[in-house]
Amino acid sequence: MRFILALLAALALSPLVFAQTAARPGAANAETATPARDLSGVWLGAGGNPFNLPRDAAPMQPWAKQKFDSEKNGHGPNVVVDFASNTDPFIKSCDPLGVPRVLLANHPFKIVPAGGEMIVLYERSHDFREIYMDGREHPKDLDSSWWGHSIGKWDGDTLVIDTVGLNDKTWLDYQGLPHSDALHVVERYRRMDHDTLQLELTIDDPKAYTKSWGTTKTYKLKSWDIGEDVCVAANEKNFEQGIVKPASSPPTK
């Protein structure tokens with residue numbers, strides 16, 4: 001009788017033991033998976049038009065629309081292929097791309113966590129940004145600059161980067177969408193899986209646009225090292241020889 005009771009007790013406990021045993025492989029996989037907050041690595045844009053923001057989503061103020069319609073470049077409404085007619089400040093003067101245009105370049109970038117900040121290294125023009133993650137606010141007396149001032153924080157598994165203090169000398173994208181010195185850019189990065197990074201981009205500039213607008217962009221993880229891509233003195237000879245690289249130049253790997 002004691003043997004039968006012991007056997008019944010063992011059978012009753014066996015599903016629990018099996019469930020605990022079966023759960024271990026899953027737990028191990030969870031432990032070895034890339035943490036959602038680890039965005040480090042080299043990323044390259046994937047899918048869609050890599051150079052331009054959706055023009056239809058950009059509700060331009062009259063002066064901004066007039067300026068946009070006057071630009072001449074390789075990606076906008078007035079396409080030109082010669083250096084003399086081109087109005088792109090990057091092509092003409094090697095001006096920095098700024099934010100958010102640098103996010104649209106068909107070149108990889110590298111995210112490097114560094115203590116109380118994130119460093120983003122861009123292969124395009126060999127530029128970089130510092131994203132302060134130490135809880136600071138934007139300075140009250142911030143002077144405008146090419147890259148502005150960026151602070152970041154985590155919202156769950158999403159990295160939120162807030163950038164202000166940008167001058168009005170850059171384009172928003174490669175087709176020539178303008179902006180003012182009131183530009184406020186918010187980037188929300190989320191790692192969808194090991195190889196996929198999604199960006200939700202929001203643009204707020206009441207001087208140039210009638211309302212906030214934005215887009216979504218996807219990047220893929222690469223096993224590359226970023227290279228050196230430098231814009232040299234802009235002139236017609238360099239442009240024709242490809243030394244001042246057109247925006248459509250793919251990464252050289």
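This briefing covers the fold, the internal cavities, one buried acidic residue and some backbone features of a single chain. The model is predicted. The chain has 253 residues, of which 40% count as buried, and its secondary structure consists of 4 helices and 9 strands. The cavity count comes to 2, taking those of 30 Å³ or more.

**Overall architecture**

- Read from the N terminus, the elements follow the order α-β-α-α-β-β-β-β-β-β-β-β-α.
- Of the contacts between residues at least 6 apart in sequence, 57% join residues at least 24 apart.

**Largest cavity**

- The largest cavity encloses about 80 Å³ of space.
- Its lining is made up of Leu103, Phe109, Ile111, Met118, Val120, Tyr122, Arg129, Ile131, Leu159, Ile161, Glu187 and Tyr189.
- Five strands each supply at least two residues of this lining: β2 (109-114), β3 (117-122), β4 (127-132), β6 (158-164) and β7 (184-193).
- The largest share, 3 residues, comes from β3.
- By class, the lining of the largest cavity comprises 10 nonpolar residues, no polar residues and 2 charged residues; the charged ones are Arg129 and Glu187.

**Second largest cavity**

- The volume of the second largest cavity is about 40 Å³.
- The residues lining the second largest cavity are Val102, Ala105, His107, Pro108, Phe109, Tyr122, Glu123 and Arg124.
- This lining divides into 5 nonpolar residues, 1 polar residue and 2 charged residues.
- Phe109 and Tyr122 appear in the linings of both cavities.

**Aspartate 95 and lysine 169**

- Aspartate 95 is located in the loop between α3 (89-93) and β2.
- Although aspartate 95 is buried, it has no salt bridge.
- The nearest side chain of opposite charge to aspartate 95 belongs to lysine 169, at a distance of 7.4 Å; a salt bridge would require the charged atoms to be within 4 Å, so this pair does not qualify.
- Beyond its neighbours within four places in sequence, aspartate 95 is in contact with Pro89, Phe90 and Trp146.
- Lysine 169 is found in the loop between β6 and β7.
- With residues up to four places away in sequence left out, lysine 169 touches Pro89 and Trp146; Pro89 and Trp146 are also among the contacts of aspartate 95.
- The C-alpha atoms of lysine 169 and aspartate 181 are 8.6 Å apart in space, and the two residues are separated by 12 residues in sequence.

**Backbone features**

- Most residues other than glycine have a negative phi, and most peptide bonds are trans.
- The peptide bond from valine 99 to proline 100 is cis, with omega near 10°.
- Proline 100 has its place in the loop between α3 and β2.
- Cysteine 94, which is not a glycine, has a positive phi near 60°.
- The loop between α3 and β2 also holds cysteine 94, and this residue is partly exposed because its relative accessible area is 22%.
- Histidine 126 likewise is not a glycine, yet its phi is positive at about 55°.
- Histidine 126 sits in the loop between β3 and β4, and its relative accessibility of 44% means that it counts as partly exposed.

Methods
Residues numbered from 1 in each chain as written. Predicted model: local features only at pLDDT ≥ 70, side-chain atom pairs only at ≥ 80, totals over all residues. Heavy atoms only, no water. 1 Å grid on protein atoms, 1.4 Å probe; cavity = no way out; pocket = protein on both sides within 12 Å on 5 of 7 lines; lining within 4 Å. Points joined across faces, edges and corners; volume = space filled by probe spheres on them. Buried < 20%, exposed > 50% of the residue type's maximum accessible area, 1.4 Å probe, protein only. Lys, Arg positive; Asp, Glu negative; His and termini not counted. Contact = heavy atoms within 4.5 Å.
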